[in-house]
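Thank you all for coming. I would like to walk you through one model this morning, starting with a chain on its own and then turning to the DNA.

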2 protein chains.
Amino acid sequence: MFLCLRKGLCYEQMMGRKRTKSGKIRLAEVAELAGVSPITASRFFRNPEALSVAKRARVESAAKELGYVPNLAARALASQRTEVIAVLIPSLTNNVFSDVLRGIYDASEGSRYSIQLSNTRYSILQEEKLLRLFLAQKPAGLIVTGIDQTAESRAMLEAADCPIVQIMELGPNPVDMMIGFSHYDAARAAVAHLFAQGCYRIGFVGARMDPRVQRRLDGYVSAMKEAGRFDQRLVVTTATPTSVTLGSALFADLLARETGIDAVFCANDDLALGVLFECRRRGIVVPEQIAIIGFNDLEFMASAVPTLTSVRTNRYEMGRTAATMLIDAIEGRRPEQPVLDLGFKVIERQSSLARRMESRPAVSGHAAG
Amino acid sequence: MFLCLRKGLCYEQMMGRKRTKSGKIRLAEVAELAGVSPITASRFFRNPEALSVAKRARVESAAKELGYVPNLAARALASQRTEVIAVLIPSLTNNVFSDVLRGIYDASEGSRYSIQLSNTRYSILQEEKLLRLFLAQKPAGLIVTGIDQTAESRAMLEAADCPIVQIMELGPNPVDMMIGFSHYDAARAAVAHLFAQGCYRIGFVGARMDPRVQRRLDGYVSAMKEAGRFDQRLVVTTATPTSVTLGSALFADLLARETGIDAVFCANDDLALGVLFECRRRGIVVPEQIAIIGFNDLEFMASAVPTLTSVRTNRYEMGRTAATMLIDAIEGRRPEQPVLDLGFKVIERQSSLARRMESRPAVSGHAAG
DNA sequence: GTCGTGTCTGGTAGCGCTGTCAATGTTCCT
DNA sequence: AGGAACATTGACAGCGCTACCAGACACGAC
């Protein structure tokens, strides 16, 4: 339908004009219809305030009438920059990143910037490679995950002439901007919460062990050591990607070799759910016999039976704020505060509520294994 | 700080070379070092076989030595096409799409194509808008979700001169290629499975009610009607986005108004988990009193207690195959089979295993409400 | 009246790459 | 030997847009 219309226009214009190859509406066509020069029309799209009110209206209606859509490749080539925000994240599977991404996409919507996503698969070498690729295309801005880049990556980031936001965690030397929270402190808060509930023999269950999970483990270890309760045998980790099933399996490992455990700190909520299911399978009563705390506070934690305690992290907000800060910085509005701590919060639920100590029978590691 | 560094580089290079503006390595530099014409160097990157072995090696080493990275904007402008695969999906939150996306990204990795993702938020008008935007940039290929486009969108898709894959479901008039499965048949299979377990008063719990969930409902309705068991009051749906908590709530609604329900078919696994938790909360024994079946077979279904029956769908494979087919088509290798049914499979688990009928007490809708 | 100052507009010259087509060399056949 | 057929290479002319600078014009101050 509208194709005919467009073809019609083309022929008309081919008659009168030099050449309108391929029937595309170019800026020149818009300018002609509006009765201005191409450069004026171009300005309309980049900085409308620079035009007089009359021309602005003329160009606007001409563009709308012709259904003009700018050619981004030509724009990028001529202006030597793109309107692309490159995002490097380690995983697409992980719920955590899908929330962050949603925030990023939401913030980019309505702006002129588009998101170019790439997956480092938790490899800093892969990250380096992607960084090289992306930076060569001169993105308008860059969002990278974490603070553990290779030296080469770090150098490239510092030499890049675009704003950069590091997300997910905080560290001492931001490349540019940084938004996250302390995984170390969050883990310490989780342990402190369990201490407050009267739990002292606290297991740690972790999977994948990427840098942020590692820092949660570090926080757990430090808190346990401070209390004089640390025992290496309480820690069960694996490099395998996380899953609910894995949570059950790791917890089973823990029970098989340790006794007297009264709580489990899970490095994420999937693992926590797996631990809960495993408890149910073995008839271990939560929290009376074993308390459970997860990490991230995914939606299902509030819904489980018993409801599961977790450390809430502001993932969506992190993504959204990162993209917003980045866009502001691209457009020259640098934030007054380049490093933002979004914090965390222990959401106390049934799975770790204080138990009457006397009513708690000891749990044998071999109870049902 | 780093700005100085970069300026320094620029000056150095401006001195020594003809005009290497902005210090960038261009194709011309590579060609010069290799002792060939720029166009030959260009061919090396697009069709290496066209070069003699000697020149191929020379260009390759020159490119590597200079660390040449092609300027995609210039390439896109000159060739009138991009190496971008545009992907339109309705949601980033939904686990289902993150699996599909992972497949798409995995398949695109190692290819020359990059993924441009956009979120329609379940709105076909938003989809139409994004489609117009994307098509103007001449993507190399397009992946769109579902078969329910607006007439305008449909016209644009048919006029687009790039391969297109519709994913997630099957339908009568593919625009080009299509890969998915029948949600209608899958729902019928789920109901048939419950019939086979001796359940006949089967509730339906659905959220968001996008076209695919709607077709699952249609399948449920048709199967129930065929068995003479359909009752509109067994159906609980809402437009609200899905969640585990919502599963609990909708199931509570169902129980509050109906009695004698012996099974629940949940339109997705999150809802099913919510129903399971709600059963546990009310002391309803699964599957003895109520059977549960979900949809998609997310990872946690196999881990729950009891393990949850679900309809497995091949989401990752769908994404992967869609992207692979698309890339093949872009490169001229059209698939012999443009429409692919990836099927589904009812994964029978404890939550719906056949119960001895006589031992099953009736569940009152008001039992715990 | 002249000059500055500021606002708005347009001309020119590419951005870095590739499509087209012509111009070589090279091989193999009759 | 002659020529067709093929393989390999290069020259040229843009792709559609914007950076840069210059010009045009209005306004007020001296």
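Chain A, to begin with, has a secondary structure of 13 helices and 12 strands, where helices (H or I, at least four residues) and strands (E, at least two) are DSSP runs, numbered from the N terminus. Please keep in mind that this is a predicted model, in which local features need pLDDT of at least 70 and side-chain atom pairs count only at pLDDT 80 or more, while totals for chains, interfaces and linings use all residues. Residues are numbered from 1 along each chain as its sequence is written, chains are lettered from A and ligands numbered from 1 in the order in which they are written, and side-chain values use heavy atoms, with hydrogens and water left out.

Of the 369 residues in chain A, 56% are buried, and by buried I mean under 20% relative accessible area, with exposed meaning over 50% and partly exposed in between (1.4 Å probe, protein chains only). Chain A exposes about 15700 Å², of which carbon and sulfur atoms supply 54%; these areas come from the Shrake-Rupley method with a 1.4 Å probe, and for residues only the protein chains shown count as cover. If we take the contacts in chain A (heavy atoms within 4.5 Å) between residues at least 6 apart in sequence, 68% of them join residues at least 24 apart.

Now to the DNA. Which residues are the closest to strand C? DNA strand C is surrounded by 25 residues, and the closest are Thr40(A), Leu27(B), Ser42(B), Arg46(B) and Tyr68(B), a residue being near a strand if one of its heavy atoms lies within 4 Å of it. Sugar and phosphate account for 73% of the atoms of DNA strand C that come within 4 Å of the protein.

For the polar contacts, the definition is a pair of N or O atoms within 3.5 Å; within protein, one must be able to donate a hydrogen and the other to accept it, and residues adjacent in sequence count only if both atoms are side-chain atoms. A side-chain N or O atom of Thr40(A) is 2.6 Å from a phosphate oxygen of DNA strand C, and for the side chain of Ser42(B) the distance to a phosphate oxygen of that strand is 2.3 Å. A base oxygen of DNA strand C, in turn, is 3.2 Å from a polar backbone atom of Ala78(A). Helix 5 of chain B gives the most to the surface near DNA strand C, with four residues.

What of DNA strand D? Here, too, 25 residues surround the strand, with Leu27(A), Ser42(A), Arg46(A), Tyr68(A) and Thr40(B) the closest. A polar backbone atom of Leu27(A) is 2.5 Å from a phosphate oxygen of DNA strand D, whereas a polar side-chain atom of Arg43(B) lies 2.7 Å from a base nitrogen of DNA strand D. Helix 5 of chain A gives the most to the surface near this strand, with four residues.

Let me finish with the ends of that helix. At the start of helix 5 of chain A, a side-chain oxygen of Asn71(A) reaches to within 2.9 Å of the backbone nitrogen of Ala73(A), and helix 5 of chain A is followed by Gln80(A), whose phi is positive, near 65°.
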